[in-house]
Structure formats: C-alpha cells, structure tokens
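Q: Please take a close look at a single part of this model and then place it in the context of the rest of the chain. A connected account, suitable for reading beside the structure, would be appreciated.

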Amino acid sequence: MLELSTASLSFLSIFIYIFIIFFYNSRRQHTPCPQSYPIIGNLIGFLLNFHRFHDWVADLLSQTPSSTLQVCTFLNLSSGICTANPLNVEHLLLSNFQNYVKGSRFMDVLYELLGNGIFNVDGQIWTIQRKIASHEFNTKSLKHFISETVTSEISKRLIPLLSKTSDENRVIDLQDVLQKFGFDNICNVAFGVDPACLSPDYQKHENTANLSFAKAFDDAVGICLSRFMSPLPLVWKTKRFLDIGSEKRLKDMIEVINTYAMGIIRSKEEKMESGDQLHRDDDLLSRFMSSSANIEFQDEEQRRKFLKDIVISFILAGRDSTSTALTWFFWLISAHPQCANLIHKELLEVAMMSDATTARTDSKYLSRTFNYDELKKLQYLNAALSESLRLFPPVPINSRLSVADDVLPDGTHVGKGWFADYSAYAMGRMEKVWGQDCREFKPERWLDANGVFQPSDQFRFPVFHCGPRMCLGKEMAYVQMKSVAAAVMWEFEITAADGGGCEKNMVNPPYIMSLLLEMRGGLLVRLRRRKPHLKRDAYS
C-alpha cells in the first residue's frame, strides 16, 4: 500500500508540474488558442474537424481579435501560430523575410522528391535558382512556348475528349480530366516530353517510360503529402527507417522518377554536345541547362542533380495547382448560371471583334481557342477566376519556420523555432478583409465601374504567395486557366451530375485533407453543346 501511495503521489506531482508548465505557457501567449486544453492541445478539435480542417481553422481565426491564433500541439511537441491577418502575412513574407524560412518542416517531408529544389530550400541555393528561374519566366519566348503548348493540348485532346463525352451524354469526372491535362501540359513545359495522359491511347501503352513516370510521380506526391498531415511524424519516420509500407513504396517511386529525369537530362546533353542548334528546345530544362552553364559544380552528377531537382519542383508546383483551381471554378460556375452567361457573352464579344479584324466570315463558330491577346480582353472571366481562387486557393495553407524570436504587427509573439502558418483559405472568408459577403461568389467585386478587372493587394490575396517567393508561374497559371475556361465554356454548358450542390455546400465544401485543396469524389458533370448560332443579342 505504501508503494502504491508513493507511486500515486509521484504521478500526481508530475501531472501538477506538467499542468503548471502548460498553464504558465498559455498565460504567456499573446494570442488566444480556442479549443485548446493542457497536454492534449488542439488534438480533440483537430480530430473532430479533420474532414473540414480548413473551415475549422477559418472559424477559429474569425473568432480572434486579430485573426491570429496560437497553435497548441499534442504534448507541446511543437509550437506555432496561424494567421489570416494581411499585416502579419506581409511581415512574414516580406518585411521580415529573412526570419521566416522553409526550414526542416519542408526539407524533412519533401527531400526525397524535391531534393534541393527551389521550393524546398533557403539561402544561397534558393537565391541562385530563383535568379535563373526569374530570368527565364520573364522571357517572351517562354511565354509564347507556354501559350502554344496549352493551346495545342486544348484543341487536340481536351475539347475532342469532352465533345465525345457530350455526344454520348455520359457523366465525366472533370477533375480527373483536368488533372491529366495539367500533368501533360507541365511535363511538356518542364521537360519537353509528353506523357499523353489525356490521350485516348494512354492505357494501351502501360509499359512506356512516360506512363511509369506519371504513375510514380502521382504516388510519390501522395505519400509526401500524407507526411504533412500526420499528427505524429515519428510514425512515418519510423517506417522510413525500417523501409516498410508506404515509405518503401516512396523509395521505389523516387527511383523511377530520378531514372526518368536523369535520362532526359542526358539525352539533352547529347543533343547540345552534337551542336544541334537548329532545333533548340524551349522547355524549362533546356533553358536551365543553358542558364546554369556558368555555375561551378563538383562534378557532372552534381550538376545533373541540380537540374533534376529544380525541374521536378516546377512539375510539382504546376501539376495539380491549376487543375485544382479550375475544378472549383467549374463547380462554382455550374451553380451560378448568370455568371456562366456573362462569361459566354464576353467570349462572344471578343470573338466577334477578333473575327471582324481577320475577315472571318463563317457564321457558325465551332470549337475555338483564344490567343494571348484575346485572353487579356476577358475582364469578367479574369474576375470570375480570381473570385474562385479567393474562395478556393489550390494551396489553402502555407507554413514557415521562425529563425529567431519575433513579434508580429498585431502583437503576437513568435518564438525561435516556431512554425508560422498563414491560411489563404481562411483569409478569403474573413469579413475584416472582404466584407460581410466574403463567403459569397461575386466576380463583380474584382471589377471597377467600367467593368475593368482590378487586381487585389497581394497580402490580402496570397494565393500565389507574396514577397520574394511570389509564384513565378502566376502569369502562366492565369493564361492556362483562362485558356481552358474560355475554350470549354465557348463550346459547352456544364451541369453538375448531382443537380448542383454548391450553394448548400459552401459552408463545408467537399474537399479532401491534403496539401492541395482537391475535391472529394471528383467533379462529376454532364456537358451539353451550346447552340451553333451565336448572336450578340443572345443575352440581352
């Protein structure tokens, strides 16, 4: 009995000690921590709201005075903050940029896939890659190449596939189609190779290297993203150490990806060494090979790894981000027919102006793509896409790691080694930022009195990140989104297969818990061809 009493007393003493520590720490916090308890932190709320995590975060942030909260993890294994305050976002990503880095959180999770690629590193390695990439993304030739690639994929594969589906009156998963389209497109842009995922003959070539690469990349990304969402990182790290389960599969997939990428790099090296300058490739890999010629490397393998890491990074960034954005756009548009009509009316007006100047005389416009100059005239479509991005950013939450103690503009304390998250998803739902109608889909909020698109301040619309790390592919993304949306909406009326549940699902939209805001269950739709006669007064 004495031993039992002593053990009980010791346990009680430890519990009281832990409670005092947690109570003391909570008293020091400058920001509230709703639904948090000693020792277990936010774990209960996290588990209960896992299926609606981003809306849960948005709800918590909207309840705090400065749209910032302290995050308390299980057993206080890590500490951090989350914010949807534009002033704090500007501080994190611009004003005190040097203090907030990618750090170990990204490197641990994504190193096998991205290595020392631009989206995974800090410091000098990042500076070198950023400088090279920034130069290339600002060249007219790359913009032209990207535009041509997108247009070709739309006219040769996307529209024919959707037309066949429409003619057969079949339901199709538009999210799956857009993901395949996006992967084909980014591989063409990054590597100069075509996986042909959207090709009708895709499944007939199961042994091709392109198919193996596509499958391996898809599996590897899924496993890496699941690491981010794990409440106990020790689990996947143990599996990696023991080389079992999903971590063993990841290792196998990475080998396939690296072998494929290195093979393409070597083939381009051979082409360059042969002096074949008559058919210069415009893809990112070829450009990075030329731009990095003056960088000193230890050996050829280090140079190849440098090229592989940076190109794989851009494939990851462009693989699903655009397709995810377009999926939510079409989901919203299917539930807002008036917006769909306004977009189609604008397409008609731009097409008529262009066709008049080019002496086009056919009265029935069939499938059509819109060139770069025409896309710039689509003000309402630009507004509708931006509004969709505001509500459903492809990357809903992003994270940084604090190098040293800091205080945010709203007075929030951030300790050294803390994570600092900012939620673009939550920010789009903050009344303080967007007004009382912030949860409504209103493209008009982006237009001035003359109907001209007005871009938002980047820190209240951090969908493409902000500051020195702002997305280099922002313009490319808009060109691709507008190209796809214009071509599809010119040709088809889109109806959700379930009759359209957008309005009732705006409170808890159907997304899966992942690093990207993918739609749960896909976007099942029916497509109906529009009437061939297109008159200016059709929507008057």
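**A buried loop residue and the sheet that follows**

A: S67 has a relative accessible area of 3% and therefore counts as buried, the cut-off being under 20%. The model under discussion is predicted, and the values that follow are computed from it. S67 is located in the loop that connects α3 (53–62) with β1. Its backbone deserves attention: phi is positive, at about 60 degrees, although S67 is not a glycine.

The strand that this loop leads to is β1, which spans residues 68–72. Four of its five residues are buried, so β1 is largely enclosed by the rest of the structure. The partner of β1 is strand β2 (residues 79–83), and the two pair in the antiparallel sense over five bridges. Within this pairing, V71 stands opposite G80 of β2.

What is the order of the strands in the sheet to which β1 and β2 belong? The sheet is open, has five strands and runs β1-β2-β8-β5-β3, with mixed pairing. β1 and β3 (100–101) are its edge strands, each pairing on one side only. Thus β1 combines two features: it is an edge strand of its sheet, and yet four of its five residues are buried. Further along the order, strand β5 (residues 397–402) and strand β8 (residues 419–423) pair in the antiparallel sense over five bridges. N398 has Y422 in β8 as its bridge partner.

A comparable backbone feature is found elsewhere in the chain. A196, which is likewise not a glycine, has a positive phi near 60 degrees. A196 sits in the loop between α8 (174–190) and α9 (209–229). With a relative accessible area of 16%, A196 is buried.

A second sheet may be set beside the one that contains β1. This open sheet is formed by three strands in the order β4-β10-β9, and the pairing is antiparallel. Its edge strands, each pairing on one side only, are β4 (172–173) and β9 (492–496). Helix α7 (residues 140–167) packs on this sheet and touches β4, β9 and β10. The direction of α7 makes about 90 degrees with that of β10. Between β9 and strand β10 (residues 524–529), the antiparallel pairing extends over five bridges; I494 stands opposite L527 in β10.

Buried positions with polar side chains also occur in the helices. One of them is R287, in helix α12 (residues 284–291). R287 has a relative accessible area of 3% and is therefore counted as buried. Its side chain makes a polar contact of 3.4 Å with the side chain of T139. The side chain of R287 also reaches the backbone oxygen of D282, at 2.7 Å.

Another such position is S386, in helix α17 (residues 379–391). S386 is buried, its relative accessibility being 0%. A polar atom of its side chain lies 3.0 Å from the backbone oxygen of N382, and a polar contact of 2.8 Å joins the side chains of S386 and Y478. Apart from neighbours within four places in sequence, S386 is in contact with W446, F453, F461 and Y478.

One position carries an annotation from a record. An unreviewed UniProt entry lists C471 for "binding site". C471 is found in the loop between α19 (431–434) and α20 (474–491). Is C471 buried, exposed or partly exposed? Its relative accessible area is 30%, so C471 is partly exposed.

The chain as a whole supplies the setting for these details. The protein chain has 21 helices and ten strands. Of its 540 residues, 51% count as buried; S67 is one of the buried residues. Among contacts in the chain with a separation of 6 or more, 74% are between residues 24 or more positions apart. The chain exposes about 25,500 Å², of which carbon and sulfur atoms supply 56%.

Definitions and conventions
Residues are numbered from 1 along each chain as its sequence is written. This is a predicted model: local features need pLDDT of at least 70, side-chain atom pairs count only at pLDDT 80 or more; totals for chains, interfaces and linings use all residues. Side-chain values use heavy atoms; hydrogens and water are left out. UniProt positions are given in the numbering used here, feature names are shortened, and annotations may be inferred rather than shown by experiment. Buried means under 20% relative accessible area, exposed over 50%, partly exposed in between (1.4 Å probe, protein chains only). Contact means heavy atoms within 4.5 Å. Accessible areas come from the Shrake-Rupley method with a 1.4 Å probe; for residues, only the protein chains shown count as cover. Two strands pair if DSSP finds at least two bridges between them. A polar contact is a pair of N or O atoms within 3.5 Å; within protein, one must be able to donate a hydrogen and the other to accept it, and residues adjacent in sequence count only if both atoms are side-chain atoms. Axes are lines fitted to C-alpha atoms, for helices over the stretch in contact, and angles run from 0 to 180 degrees between N-to-C directions.
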